[in-house]
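Here is a short tour of a model, from the overall form of one chain to a single helix in its partner. Have the structure open as you read.

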Amino acid sequence: MKAPQNKWVIATIAMALLLTTPLWVLVSFLFEPGNENWHHLVDNLLPEYIINSLWLMLGVSIGTLTLGLSTAWLISQYDFFGKKVLHWALLLPLAMPAYIIAYTYTGLLEFEGPVQSFLRTLFSAQTVNLWFPEIRSLPGAIVMLSLVLYPYVYLLARTAFSGNTQQVIHASRTLGAGPYRRFFKVALPMARPAVVAGLTLALMETLADFGTVQYFGVPTFTTGIYRTWTGFGDTTTTAQLSLILLVFVTILIAIELWSRKKAEYFSQGNKSDTQPTPILSGLKGRLAFIICLIPVSLGFIVPAAQLLAWSIQTAETGFNAEFLTLIWNSFHLAAITALVAASIALMLAYAQRVQNRPVTRLSLRIVTLGYAIPGTVIAVAVMIPFAWLDNTVDSWMRSTFDVSTGLLLSGTLFALVFAYIFRFLSISLQTVESGLKQIKPSMDESARTLGASRWNILVKIHLPLLNRSLLVAFLLVFVEVLKELPTTLILRPFNFNTLSVRAYEMASDERLADAGLPALLIVLTGLVPVILLSKAIGKRHV
Amino acid sequence: MKHLWIGLMTVIFSLPVNASAEEVNVYSARKEQLIKSILDRFEKQSGIKVNLITGKADALLKRIESEGANTPADVLITTDAGRLHRAKTAGVLQAAITPDIEQIVPSNLQDPEHYWIGLTTRSRIIVYAKDRVQASELSTYEALSEPKWKKRLCIRSSNNIYNQSLVASMIVHQGEKATEAWAEGLVKNFARKPKGGDRDQIKAVAAGQCDIAVVNTYYLAQMLNGKDQEQRKAAEKVAVFWPNQKDRGAHINISGIAITKAAKNKDNALELIRFLLTTEAQTWYAEVNNEYPVIKEAPLSKTLKSWGEFHSDALNLNALGKHNSEAVRIMDRAGWR
Amino acid sequence: MSKLTVHQIISAHKENQVLNHIDLTLKEGEIGCLLGPSGCGKTTLLMCIAGLQPVQGGEIYLDGQLISSKNFQLATEQRNIGMVFQDYALFPHMTIEKNIAFGIPGLNRKERKQRINQLLDLVGLTGFNTRYPHELSGGQQQRIALARALAPKPDILLLDEPFSGLDVELRELLAHEVRSILKTEGITALMVTHNQNEAFAIADSVGVMKDGKLLQWDTPYNIYHQPAHPFIADFIGQGALIEGTVCDCHQVLTQLGLLKTSLPFGATIGDKVSVLVRPDDIRHNDESDWQLEVTNRAFRGSHFLFTLKLPDGEHVLCMSHSHHDHPVGTKIGIELEMDHAIAFPHQKGDTDESFTKLMENN
C-alpha cells in the first residue's frame, strides 16, 4: 500500500526540482563571495531599493484591494445598470501590459502632455506646475500597477463573495447588519484566503515589474538587479540581489499560507447561489455603476483609446502582413504555455491532494517562487542550464560518436516555454489548487469505493468539476505570456518575433506612436479569451 | 490526451535552427526596425541568408557566453562601444576584422586589436530652449555642473548606457575625482528626478520644465522628422549646442559590430560587415535613423547637415567600456538615479 | 391584531411565477409552518418575508407596518426578523459567542454576555462560548443558529428547513425542543419544511403549498382530517382515494359502502366523486366477515400497513397491530371506523395510479 503513495510524492518532488532548475542556478551564485560591486550596492543603493520596493508593495496593496474589493462586492451583491457588462469588463485591464499603460499615461499626463498643456491655457502655468501631480513618480507607478493588477483581487474576491458566503451574508442581514458590517465583519474575513491569494499574485507581479518603474525613474529592487547586470556586467551580484528579492517573496507566500490555514473550514458546502441580488436603482445604482466603471476606464478604455489614436497616426506605414505572423506567434506561444502550465498545475495540485505531506507542500510552494523573479533574471537562469546541457551532450556525442549535436534546446521554443512555466506556474497552481479544495474529499472516497483508480478519479470526477478553475488558470497564464517581454526577448529563436517584442522595440526607441499598434494588438488578442472565458464562467455560475 | 501531447511537442520543437548552405546569424542589440531592411538588402545582393535575433546587448552577450562553442551567433551588433568592449573582455569575440575593412573607418572608431568596428556614430549633445538660453551661456560638459544651471537641467537616468559612456569619457579626460565632483554638481542642477528617455528630456525643455538637456543627436533628429506633430513642435523649440568644441570635442559613441569566437560563417560575416560599410548601406543609416555615417562618401541627412560640422572627441572608444563600472559607481555615489 | 400579514403576494423569478397570490396571517406567539414539495415556492415566500427577495405584487405587514410591496422593500437588516437557514450559515470565522453576539451590537458587554449565556442555556449548549462552528456537530450547529437568530429578540423568526441536515431521530426531538424554546420566549415563528412530522411537531398552524399556491392554512388536525384539496390529502399522511357516487347531500356510495361526507362545492346527486380513506379509517379485525385480499404489506415495527384490494380493483390502506401478520394474497377481515369522509371532485384515473405509488412509498 505504501509504494503507490510514494509514487506521487516522488513524482511531485522530481517535477518540482526539474521546474525550479533556474532557481537552483541562482542559488548556486550565493556561494560566490560578494565582490566590490556588492559592497558598493550595499553602501549606496540597497536601502533605497528596499524602501522603494516596500512603498511600492504597500501602495499597490492598497490600490488593488480598494479597486478589486469594492468592485467585487458591488458585482457580487447587487444588481444595477450595466452590471452584466461590467462583470467581465472589469477583467479587461488584465490584458494591458503595465509598461504600456505607463507609456500611455505619461503621454497624456506628463508636463509636456495634452492635459497639462490644456490646463496651462486655463490657469497660470505656475498653479498647474504646483498642483498637478508628477505622473512619473513612485505614486504614479503605484497607480499604474494597481490599475492593471486589481483584476486578480477582483476575480478571486468575486468568487469568494458568492456561493456559500452569500448565504452567510444573508444570515448577517437577518441579524440586522448593514452593508458596512456585512462587508467588514462577515464577507471580508470569510473571503480572506481568496483575497490574500489575489493580492499575493498582484504583489509578486509588482516585485517583478521592471518596465514601469524603470520608465518612471523609481529605483526598486528589480531595476537595481537590472542595473547591476547592465552597468557592471556582474552576473554574480545580479543573482545575489535576485535572491534577496526571493526573501521578500517567501515572506509573502508565508503570509498567504498562514491565511489559508483556516480556509478549509470556510468552504464547507458548495451551495450555488440562486437568490436574486438586490437591485440598486436611481442614485445608488448610478453610483455603483460609476465605481465599477472607473477602474475599467482608467485601466483599459483610456489607455486603449490612446493606443488606438497612436495606431491610427501610424496606420499607413504601421500595419502589414508581418503583423499576422506576430499575432500568430504570440497567440500560439501563449496558448501552448497556458495549456502546459494548467496540466502541470493540475498534476501537482492533485498529487498534493493524494499525498498531503510537508515535503509535497514545500515542493508546491517552491514552484511558485518563480512568479516574482524578474523575467530577465529568469531568462538568464534558464539559459545557463540549457546551454550547459546542450554543450555537455554535444561534447559527449563528439567524443563517442564523432557527431556534433550542437544546441538541442537552447534557442528553441522549448526553452522559452520552460521559462514561462517557471515564471507563471504560480498563477495556474493557485487557481487549480483553490478549485480542487472546493471538491470534498468524500467525493474521492466514494469514487474509490466504487473501484476507481486515482487516475480515473482525476479524469472522471475532478476534471469535469474543475472545468472552471482550469479555464481561469488557462486564461490568466495566456494573458500573462502574451504580455511577457524580457524572457521572450532573450530566449526566443532566430527570426521569431512576438507582439510584445515589437511593442517594446518601438517603445524603448521612444517611438511611442509606433508602439501603439502592436500594443493594441496585444490587448485585442488577450481580449478574446478574456471575454469568451468570462462568459463561460458566467454561464456555469447561474 | 496522447495526441494532444504529441501535437504540442511537435509545435514546440518545430522551430529549430535550421542550417542552410549560406547564412549568417546575427545577434543584434539594434532594434529590428533599424536594421532589418538593410539586412534584407544584403540577403538579396549576396544570396546569404540572414537570421536575426534582437535583444538587449547584455542579454545577447550572456546568451553567446552560455551557448559557448555551440553558439549559432556569427556576429554581434551593439549600439555602443562599451558593450563591444565587454564582449571582447568576456572572450566571446575573435580578432577577425580584416585590414581592408579597418582602413575604411577612422581609427578611434574601431578596436586596435581587430575585435570590433564601428558602423555609425552619434554624439551626445546639449540642447537648449531657444527662448530662454543663449548659446553663449553654454560651453562644455564640464560647465554643466556650474551653479548657474541649478534646477535647469534635464537628463535621463544613470541606468542609460549613453550616460554611462559619457561619464566614462569624463573619467578618462578628467580623472575619477574630478568626475565625481562634477557628477555631484550636475545632480544639484537637475530640474527633476531623471526619468523617461532622451525624447522626454527634449519635450521637457520645450514645455519649460527645464532649460537645457543632454541627449543623443538622432533622437532630436527623429523628433524633427517624425510623424508626431507634438514631438515635432517640441523639437523645434530647442536648439543644438556642440559642447567642448574648443578642446577635445563632443562626446561620441558608435553602433558597432564584431565576429564571435565560435562563428561558423566567418566569411559570410565579413561579407556582411563589408556591405554595412558600403556607401549604399551607410547612406541608408544616415537617412533612416539620422546617424552619422563612418565613411566620408556617405552624405548626411538633411537635418544633420543643418546642424553643421562639429569636432568630435578622438578618444578610442574601448576606453568607454573599460571605465563603465567606475562610471556607474560614481553616478550612484553622486545620487544620480 | 396579527403579527404577520401576507396579503396576495406575487413573486416571479425570470418569467417564472414562483408565488401566486399568497395570503396568510400569524398571531402574536403563533408558530406557523409551510409544507410542500421542493419547488413549491415555500422558501421563496420565506425570503420575501425576510426581504431577501422582492415581491411583484401584494403586501407584507409586520406588526401592522408595511415591509414589502411591489414598490417598496424594507431592507432585511431593518426588519427585525430572525432567520435560521437550512445550512445554518454560521459565521465560520467567529466563535459561538461572537456568532450569537453578532446580532446584538447595541448591548453593553455585560448585557451581551448575559444574553449569550442565557441563550446557550436555552438551547442546551452551556459553556460552548469559545468553540468554533466547525468543531460542533450538525445538531449543535443547528441550535447555535437558533440561538443566534433569537438573540436580538426578533419580531418574527423564520426557519428554512432547519432540520433537513440532521438525522431522523434528531429531527423530531429538536422540533419539539425548538417549539418549547419558541413558546418559552413567546416568539412568533414561521417555518418551512417538506416533512410533515416536523410540521405537526412544531406548528400551531400549517399551510400546504403547491406550485406557488397556498392550498390550505389551518390547524394540523384539520389539515390531516379535513384536507381542502386532494393534493393535501395525498401529501399529508397516508391514504387512498376511491371512487364514489353522490347519493344525497350527506352520503356517498363507495365500494366500502355508504359513507358520511360533506360534498365538494357544486356536486349533485349522481355525480362521481373521489373519497379519501385513511389507513386508520379501516381497522383490521380477524372476527369480521368483511374480507379483503392483501396485495402488499409493510412492517412498520409498531404496526403493519396492509394494502387491500376492493372488489372493483381499487386499493385502500389498513393499519393493524404488529402481531397480526398476514401474507400477501390472503384475505383479512376489516371494519370501518370513519365518522366523516372527505370527498373531492372526481380525480382522473392516472392520478389514482401515481397516487397509489406514492402511497406505497410512504
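## Overall form of chain A

A compact globule of 542 residues would have a radius of gyration near 24 Å, and chain A agrees with this because its own value is 24 Å. Keep in mind that this is a predicted model. Along the principal axes, the C-alpha atoms of chain A fill a box of roughly 80 × 75 × 50 Å.

Inside that box, chain A has 26 helices and zero strands. Of its 542 residues, 55% count as buried. If you take the contacts in chain A between residues at least 6 apart in sequence, 83% of them join residues at least 24 apart.

## Where the chains meet

How many residues does each chain bring to the contact? Chain A gives 51 residues and chain B gives 53 residues. On the side of chain A that touches chain B, several helices each supply at least two residues, among them α3 (36-44), α13 (221-232), α18 (322-354) and α21 (413-437). The helix that gives the most to this side is α20(A), with nine residues. Sorted by class, the side of chain A that touches chain B holds 23 nonpolar, 19 polar and nine charged residues.

## A helix in chain B

Now turn to helix α4 (residues 81-90) of chain B. Seven of its 10 residues are buried, so the helix is largely enclosed by the rest of the structure. The buried residues are Ala81(B), Gly82(B), Arg83(B), Leu84(B), His85(B), Arg86(B) and Ala87(B). After α4(B) comes Gly91(B), with a positive phi near 80°.

Notes. Residues are numbered from 1 along each chain as its sequence is written. Chains are lettered from A and ligands numbered from 1 in the order in which they are written. This is a predicted model: local features need pLDDT of at least 70, side-chain atom pairs count only at pLDDT 80 or more; totals for chains, interfaces and linings use all residues. A residue is buried if 20 or more other C-beta atoms lie within 10 Å of its own, exposed if 12 or fewer, and partly exposed in between; C-beta atoms are placed from the backbone. Helices (H or I, at least four residues) and strands (E, at least two) are DSSP runs, numbered from the N terminus. Two residues are in contact if their C-beta atoms, placed from the backbone, lie within 7 Å. Ala, Val, Leu, Ile, Met, Phe, Trp, Tyr, Cys and Pro count as nonpolar, Asp, Glu, Lys and Arg as charged, and the others, Gly among them, as polar. The radius of gyration is taken over C-alpha atoms; the globule rule is 2.2 Å times the number of residues to the power 0.38.
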